[in-house]
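Visitor: Could you take me through one part of this model up close, and then show me how the rest is arranged around it? I'd like to hear it as one connected story.

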Amino acid sequence: MARSPAAEERLRELVTLRRVRDRIDREYHQPLNVEALARDAGMSAGHLSRRFKAAFGESPYSYLMTRRIERAMALLRRGDTSVTDVCFEVGCSSLGTFSTRFAELVGVPPSVYKQRHAEATRGIPPCLAKQVTRPIRNREARAA
Amino acid sequence: MNVTIHSAMLPQDDPEAALRFYRDGLGFEVRMDVEYQGLHWITVGPVGQPETSIVLYPPEATPGLTEDERRMVAEMMAKGTFASINLAADDLDAVFARLEASGAEVVQEPTQQPYGLRDCAFRDPAGNLVRIQQRD
């Protein structure tokens, strides 16, 4: 049952990658970038991106942006925050990148999403609206 | 008919580290620690709730696993995708503070979720996701 040194090394790398992913979950609303994540994990940015993608199926940048956009969807549905404020609140520093990635993931730009949602849940009690609009992780919009 | 949830199984790969998390961090009592050939099956649970336990088990001892499957389980635990559990607490912030002070890996600070509940999340030392929500 003893593991080979190579297998031990592989498990250690996976633990490191898990900690990077958990850190994205915890700190996505801060100005994180892949270089800083890689530096703290003791890897180069390119190596981290390749190994993270091999382990989790998407790059750390993509995972970070997915987390941000999930949170942005929730804030936009609440209806009391502008698209620009939401963009900065979830840790994005570029409105253009935020809107592009949002549209890729959700299917519509954030402004349209906010507007549609305001219409979709008008008249529904807030507690019920919360339930039916709960974001589902990693479910990207289907291609139109 | 009255069926209760008696025990849930969570894998562990370091008995000492598991005890530090569940006993010292979370405050669970240790109900049993069965050792066989250096492997440990540790039964823990919340004080005052003897009818519900978590068994921290060594997954490599599962009978019928192929070598590939055993490696796969170890890798999924390492990357944090193998097992998880949801707990609830009267005082979420107190539990969070205690676990954090014990050195546990924080995944999420106490957060009001858009779907209604307030929760936090940790990794246990084996990579299991332990989510704790505020009890109403």
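Guide: Before we zoom in, one term: two residues are in contact here if their C-beta atoms, placed from the backbone, lie within 7 Å. Keep in mind, too, that this is a predicted model.

Let's pick helix H3 of chain A, residues 45-56. H3(A) has twelve residues and reaches 16 Å from its first C-alpha to its last, close to the 16 Å you'd expect at 1.5 Å a residue. Now look at which residues are tucked in: the buried ones are A:Leu48, A:Phe52 and A:Ala55. These three cover an arc of only 65 degrees around the axis, which puts them on the same side of H3(A). The general rule behind that kind of pattern is simple: an α-helix has 3.6 residues a turn, so residues three or four places apart point the same way. Flip to the face turned away from the buried side of H3(A) and you'll find the exposed residues A:Gly46 and A:Ala54.

So what do the buried residues of H3(A) pack against? Within chain A, the partners are helix H1 (5-27), helix H2 (34-41) and helix H4 (60-78). Chain B joins in as well, through its helix H2 (67-79). Just past the end of H3(A) comes A:Gly57, with a positive phi near 85 degrees.

Step back to the whole of chain A. Chain A has eight helices and zero strands, so to speak one α after another: read along the sequence, the pattern is α-α-α-α-α-α-α-α. Of the 144 residues in chain A, 26% are buried. Take the contacts in chain A between residues at least 6 apart in sequence, and 59% of them join residues at least 24 apart.

Now for the meeting of the two chains. Here 16 residues of chain A are in contact with 16 residues of chain B. On the chain A side, the elements that give two or more residues are H1 and helix H8 (126-132). H1(A) gives the most, with nine residues; H1(A) is also one of the helices that the buried residues of H3(A) pack against. By class, the side of chain A that touches chain B has nine nonpolar, one polar and six charged residues.

Cross over to chain B and you meet an open sheet of four strands, in the order E1-E4-E3-E2, with mixed pairing. Its edge strands are E1 (7-11) and E2 (29-36), each of which pairs on one side only. From one strand to the next, the twist averages 20 degrees.

Let's walk across that sheet. E1(B) and E4(B) pair in the parallel sense over five bridges, and B:Ala8 stands opposite B:Ile54 in E4(B). E4(B) and E3(B) pair in the antiparallel sense, over three bridges. Here B:Ile42 stands opposite B:Leu56 in E4(B). E3(B), residues 39-45, is joined to E2(B) by seven bridges, and these strands run antiparallel. B:Ile42 turns up again on this side, with B:Asp33 standing opposite.

One last piece: helix H1 of chain B, residues 15-25, lies across E2, E3 and E4 (53-57) of chain B. H1(B) runs at about 5 degrees to E3(B).

How values were computed
Residues are numbered from 1 along each chain as its sequence is written. Chains are lettered from A and ligands numbered from 1 in the order in which they are written. This is a predicted model: local features need pLDDT of at least 70, side-chain atom pairs count only at pLDDT 80 or more; totals for chains, interfaces and linings use all residues. The expected span of a helix is 1.5 Å times one less than its number of residues. A residue is buried if 20 or more other C-beta atoms lie within 10 Å of its own, exposed if 12 or fewer, and partly exposed in between; C-beta atoms are placed from the backbone. The arc is that of the directions from the helix axis to the C-beta atoms. Two strands pair if DSSP finds at least two bridges between them. Axes are lines fitted to C-alpha atoms, for helices over the stretch in contact, and angles run from 0 to 180 degrees between N-to-C directions. Ala, Val, Leu, Ile, Met, Phe, Trp, Tyr, Cys and Pro count as nonpolar, Asp, Glu, Lys and Arg as charged, and the others, Gly among them, as polar.
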